[in-house]
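Please work through the exercises below with the sequence and the model side by side, attempting each task before reading its solution.

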Amino acid sequence: MNKTSVIKKIIGNAIKEYGFEYIRCDQKIVWIFGRIINDVEEHIIIQQHKRDVLEYKLMFSTTAKGNGRKEIGNILPEYKENEYWKAESDKEFEATMCFFAEFIKDKGISILDDMLEEKPDSFETPERKMWFKEHRSELISKYEERYHILAEGSSFEQVCKIDEVLYKNRFSEEDDKSVEKVYELILGMAAILSEIMLQEENSTITYDTYFVEVQIPYEDRFLSAWPLRDVAQAWIRYHTGEALENMFVWCSNKGHLTDSSVRMKEEEFKEYVERIIARSGKTIDESCDDKSGADYIINGNNFRILIKRVYTDTIVDIQKIKKELNSITPNAYDKTIFVLNQDITDQAIRFAVTRPHRTKVVTCRNTY
């Protein structure tokens with residue numbers, strides 16, 4: 001059975017009168033219909049489960065901020081526990097699509113009409129954003145005294161500390177006092193995160209955008225960071241069971257820190273790399289006398305990991321990088337990691353050196 005044809009026939013015909021058109025199929029499991037009203041894009045989405053190919057769900061979304069995505073379970077209480085509908089045969093698949101089509105006409109269109117207007121974020125309300133603006137300095141002082149995030153380490157490490165603090169404080173009761181305590185922790189960590197971002201040259205912060213936003217100049221454009229949003233999302237993820245290893249705040253903001261590695265001195269960079277290795281739990285073999293040219297050697301079961309630091313004190317010294325990368329001589333089964341203190345693209349590295357098999361190049365931006 002051609003699922004796309006069935007979806008276009010059943011769903012497409014049912015919503016054609018409302019101005020929806022079939023847009024595309026993504027990754028062969030997501031079918032999207034759309035229309036535009038008053039410059040707002042509305043989407044009706046049918047998605048097949050990524051693992052169970054016999055399960056499907058229906059979603060509604062718009063480009064008006066603050067609406068998120070709505071599913072049947074968000075709309076009808078009797079389907080609160082239903083996310084996907086099972087269809088084990090062609091007949092059941094067609095029946096499921098007919099159910100979706102009827103639901104769209106009965107409930108979905110009015111839901112989409114309600115989603116045309118931008119709604120305030122549930123956490124970043126105008127009142128809370130204004131309070132954050134007025135008390136950001138106080139929050140930084142209070143939470144820095146408690147957690148010492150800004151006291152030492154590169155800005156990359158400081159952002160990682162925010163994840164660690166949120167993870168340690170991930171448990172909370174449901175009473176009002178506990179909720180307010182969590183809210184203030186989120187605001188405090190967001191204040192510190194914004195301060196880290198504002199250390200970047202010519203960065204600015206605005207409070208009247210949809211999310212509190214830090215803009216960081218980068219080449220001919222700005223990078224946008226949303227400290228309140230990212231910290232709030234990180235706490236929710238850790239609270240609901242996500243592992244610290246996923247480092248949500250770090251992963252969301254590492255690309256914004258374009259200048260921190262350049263500010264490192266060579267000795268600081270050396271200590272930084274050693275802290276990274278120590279955090280990984282790997283043991284450095286300091287007794288091994290070899291001629292590979294590596295700065296650190298980690299022994300595995302059937303291989304070694306050779307780690308080489310490459311420090312440059314200008315923005316990009318491609319000749320020095322090339323010389324350093326070509327100086328290491330691994331054995332056939334060695335894995336090699338070059339750690340650069342500069343932010344340089346992988347493509348530029350490939351132009352600089354012929355990289356052997358089992359070789360990885362990372363920068364301070366993507367070391368964690």
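**Exercise 1.** Find which residue of strand 2 stands opposite C25, and then describe how strand 2 is joined to strand 1 and strand 3.

*Solution.* Begin with the pair itself: C25 stands opposite W31 in strand 2. This pair belongs to the topic of strand 1 (residues 21–26) and strand 2, which run antiparallel and are joined by 5 bridges; strands here are DSSP runs (E, at least two residues), helices are runs of H or I with at least four residues, and both are numbered from the N terminus, while two strands count as paired if DSSP finds at least two bridges between them. The two strands form a hairpin with 3 residues between them, and in its turn Q27 has a positive phi of about 55 degrees.

Next, follow the chain onward: strand 2 is joined to strand 3 (residues 40–48) by 8 bridges, again in an antiparallel manner, and G34 stands opposite H43 in strand 3. In this second hairpin 2 residues lie between the strands, and N38 takes a positive phi near 50 degrees.

Finally, consider cover: of the 8 residues of strand 2 (residues 30–37), 6 are buried, where buried means under 20% relative accessible area, exposed over 50%, and partly exposed in between, with a 1.4 Å probe and protein chains only.

The model is predicted, so local features need pLDDT of at least 70 and side-chain atom pairs count only at pLDDT 80 or more, whereas totals for chains, interfaces and linings use all residues. Residues are numbered from 1 along each chain as its sequence is written, and side-chain values use heavy atoms, with hydrogens and water left out.

**Exercise 2.** Work out in what order the strands of the open sheet of 3 strands are arranged, and which helix packs on this sheet.

*Solution.* The order is 7-8-9, with antiparallel pairing. Strand 7 (204–206) and strand 9 (221–225) are the edges, each having a single partner strand, so one side of each is left without a neighbour in the sheet. Neighbouring strands are turned against each other by 30 degrees on average, direction ignored. The helix is helix 6 (residues 176–198), which touches strand 7, strand 8 and strand 9 and whose direction makes about 20 degrees with that of strand 8; the axes are lines fitted to C-alpha atoms, for helices over the stretch in contact, with angles from 0 to 180 degrees between N-to-C directions, and contact means heavy atoms within 4.5 Å. At the level of single pairs, strand 7 and strand 8 (residues 213–218) share 3 bridges, and T206 has E213 in strand 8 as its bridge partner.

**Exercise 3.** Locate G68 and decide whether G68 is buried, partly exposed or exposed.

*Solution.* First, place G68 in the loop between strand 4 (55–62) and strand 5 (69–71). Then apply the cut-offs: its relative accessible area is 48%, so G68 is partly exposed. Once neighbours within four places in sequence are set aside, G68 is in contact with F60, S61 and M115. As a last step, compare sequence with space: G68 and D121 are 53 residues apart in sequence, while their C-alpha atoms are 9.7 Å apart.

**Exercise 4.** Summarise the whole protein: how many helices and strands are there, and what percentage of the residues is buried?

*Solution.* The secondary structure comprises 12 helices and 13 strands. Of the 368 residues, 43% are buried.
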